[in-house]
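I set out to keep a short notebook on a structure that was new to me. My plan was to look up the chains, then their parts, and then the places where those parts touch.

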Amino acid sequence: MGFLEIKDLKVHFPIRAGLFNRVVGHVKAVDGVSFTIEEGKTYGLVGESGSGKTTTGRAIIGLNDVTSGSITYEGKSALGKNKSILNTHKDVQMIFQDPYSSLNPKKRVLDIIAEPLRNYENLSKQEVRRRVEELLDKVGLSPESIFKYPHEFSGGQRQRIGVARAIALKPKLIIADEPVSALDVSVQAQVLNFMQDLQKELNLTYLFIGHDLGVIKHLCDNIAIMYKGRYVEQGTKADIFNNPQHIYTKRLIAAIPDIEPANRAKQLKYRQEVQAEYEHASDEYFDNEGLAYGLQPISDTHLVALPEKG
Amino acid sequence: MEMRNENIDIPKPIKSPSTIKIIWRELVRDKLALVSLIFLVLITAFVYGIALFLDKSEIVTVDLFAINEPPGGEFILGTDYGGRDIFGQLIIGTRNSLSVAILVTLMTGVIGVVYGLVSGYIGGTVDNIMMRILDFFLILPFLMIVIVFVAIVPKYTVFSFSLIMTAFLWMGIARMIRSKALQEKELDYAQASRTLGSSNLKVMFRQVLPNISSLIIVTMTLNLAANIGLESGLSFLGFGFPESTPSLGTLLGYARNPQTLEFRWWIWVPAAVLILVLMLSVNNVGQALKRATDARQRRG
């Protein structure tokens, strides 16, 4: 079984309006999401903007308040604000989307990377410095950079600093919230490959949040597709890419560009098929409110949001 | 790894200038601000230095044989209606006025920054309550309460007067810091710091505070100018220091006597000029600092 279990997670944000700031409704950013995370694997969470994928990640690490549902970490609840949550924080870390704003511009690299070490480990100044130099070495930056400020680095280098900070406490799970979407393509590959190397070296588990299916396909063992706060399909990489069942997944996969000219006609045909299916059968996949149904298993690993039979 | 090689090959990049360097460059470029800064440093050093050697009790002792003497002779700047040396009073007065202004600026700064930061960072109900308390202080009639305090407090010192002023002047900076804290706490670096296990206090004072430091420095410099004026204004009206504790305001206050105003200019003109020049200088420096914090306005 997995070490992190999420059951029926809901994150609703109140909409306030009117003279007295009354709550007039809720934005259901995450609306009943369940999944399990096992050690050493890479999970992909895909969805369009506003589908709630980032909110899910932030709820797991405690940056968003959870409306209902449970997050269990090694059998213990990881919700609320008690001491055990702090220990969860030690094992669950996050890499942020924007390498430009996620590093404090007034802090030196040494202080940025040493922050988690100073919070959790009682180390002397020399030990902290040695650890930071080790971490910098691990992410491929020269140890002399410890006295530089973040703005003296390029985007890719900054994201490496972000990664170094995230792995400083030797966490088990790293939530990577679109870690490369702010970088240009050549640097993206560099950072992704290096994250994979780190995974092997440190036996990390990744929860990879993104909208770039190419990146997700490259990295992840398990993929979940999210739409309007709910899962529409969940399965292994092969399940999702070779046997997509939900119309939303099919459309997503049909939209992946293929640069091979020989496949152009085939790709176009597939796209038109999917479009035709969407036009006449899209109602079957979504309920009255346009939301996805509950997940039904169609194989051991593959879950799809389909209406219950009968 | 290839990145490591890259770091060795590339020559050391030109370091971007530090904040202090930017401020210095701005001051050098703006000659008026530079002259103002030099003037301020000189006058502060002069006033605090000379005041060490002056006997305050001798200066404020009434001497009936030397009433209203014009400048020159025994007294460089003449004497007032009590035969007290104007030059000595000017030195000690400037020192007192500057001390009050600096103390008030520092105290309002500390209170305002802490209050605003806590209020803005915690937010929600706490923010709401703290802001209503601040609003309460804001609507109190400042002048009236100071008059009452002057009547109640029997013995005035620089420190007690600063405390009274501080009690009514910390709100502006608190409000500004709060609005900035509201913005900063939503930024990724503050959020990241929370996921790394830093307590709220640590995020507030170690992460957010350094990022609003330039704003604090500028505001406090500009406040310093305002506080010099405020102290002088209160003393002029007679609600500041008594005559036994000279300040720029009390010297100016002699001008309320029409005789002094018309015929004995040496009593009040030097103080008036000094107030004007001091406030202008602090303001010039403050404006230069303000420009230094905003890259689009920089001249240097």
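The entries below record what I looked up, in the order in which I took it up.

**Entry 1: the kind of model**

I noted before anything else that this is a predicted model. I therefore read every value below as computed from a prediction.

**Entry 2: chain A as a whole**

I began with the secondary structure of chain A and found 10 helices and 12 strands. I then looked up the radius of gyration of chain A, which is 21 Å; the globule rule gives 19 Å for 310 residues, and the two are close, so chain A is as compact as a globular protein of that length. Along the principal axes, I recorded a span of about 65 × 55 × 45 Å for the C-alpha trace of chain A. Of the 310 residues in chain A, 40% are buried. I also looked at contacts in chain A with a separation of 6 or more, and 66% of them are between residues 24 or more positions apart.

**Entry 3: the domains of chain A**

I looked up the domain assignment of chain A, which gives domain 1 (4-228) and domain 2 (229-310). The centres of these two domains, taken over C-alpha atoms, are separated by 28 Å. Where they meet, 21 residues of domain 1 of chain A are in contact with 17 residues of domain 2 of chain A. I asked which elements give two or more residues to the domain 1 side of this contact. They are E2, helix H7 (213-219) and strand E9 (222-227) of chain A. E2(A) gives the most to that side, with 7 residues. By class, I noted 11 nonpolar, 5 polar and 5 charged residues on the side of domain 1 that touches domain 2.

**Entry 4: strands of chain A**

I followed an open sheet of 4 strands in chain A, ordered E2-E1-E4-E5, with antiparallel pairing. The edge strands are E2 (22-37) and E5 (76-77) of chain A, each of which pairs on one side only. Strand E4 (residues 68-73) of chain A is joined to E5(A) by 2 bridges in the antiparallel sense. I found A:Tyr73 opposite A:Lys76 in E5(A).

I then turned to strand E6 (residues 92-95) of chain A. Are its faces covered or open, I asked; both are covered. A:Val92 and A:Met94 lie on one side, A:Gln93 and A:Ile95 lie on the other, and all four are buried. E6(A) runs parallel to strand E7 (residues 173-177) of chain A, with 4 bridges between them. I recorded A:Ala176 in E7(A) as the bridge partner of A:Ile95.

**Entry 5: chain B as a whole**

I found 15 helices and 0 strands in chain B. The radius of gyration of chain B is 24 Å, whereas a compact globule of 300 residues would have one near 19 Å. I recorded a span of about 90 × 50 × 30 Å along the principal axes for the C-alpha trace of chain B. Buried residues account for 38% of the 300 residues in chain B.

I chose B:Ile91, in helix H5 of chain B, for a separate look. It counts as buried because it has 22 C-beta neighbours inside 10 Å. Leaving out residues up to four places away in sequence, I found that B:Ile91 touches B:Val47, B:Ile50, B:Ala51 and B:Leu54.

**Entry 6: the contact between the chains**

I noted that the contact takes 25 residues from chain A and 20 residues from chain B. On the side of chain B, helix H1 (2-9), helix H10 (188-195) and helix H11 (200-211) each supply at least two residues. H10(B) gives the most to this side, with 7 residues. The classes on the side of chain B are 8 nonpolar, 9 polar and 3 charged residues.

**Entry 7: the largest nonpolar core**

I closed with the largest nonpolar core, which has 135 residues; among the members that touch the most others are A:Ile113, A:Phe208 and A:Ile225. Helix H5 (residues 86-122) of chain B gives the largest share, 13 residues. Domain 1 and domain 2 of chain A both give residues to this core, so it lies between them. Setting aside neighbours within four places in sequence, I found A:Ile225 in contact with residues including A:Val46, A:Tyr231 and A:Leu252.

Notes. Residues numbered from 1 in each chain as written. Chains lettered and ligands numbered in written order. Predicted model: local features only at pLDDT ≥ 70, side-chain atom pairs only at ≥ 80, totals over all residues. Core = buried A, V, L, I, M, F, W, Y, C linked by C-beta atoms within 7 Å. Buried ≥ 20, exposed ≤ 12 C-beta atoms within 10 Å, placed from the backbone. Domains from an automatic or database assignment. Contact = placed C-beta atoms within 7 Å. Nonpolar A, V, L, I, M, F, W, Y, C, P; charged D, E, K, R; others polar. Pairing = 2+ DSSP bridges. Rg over C-alpha atoms; globule rule 2.2 N^0.38 Å.
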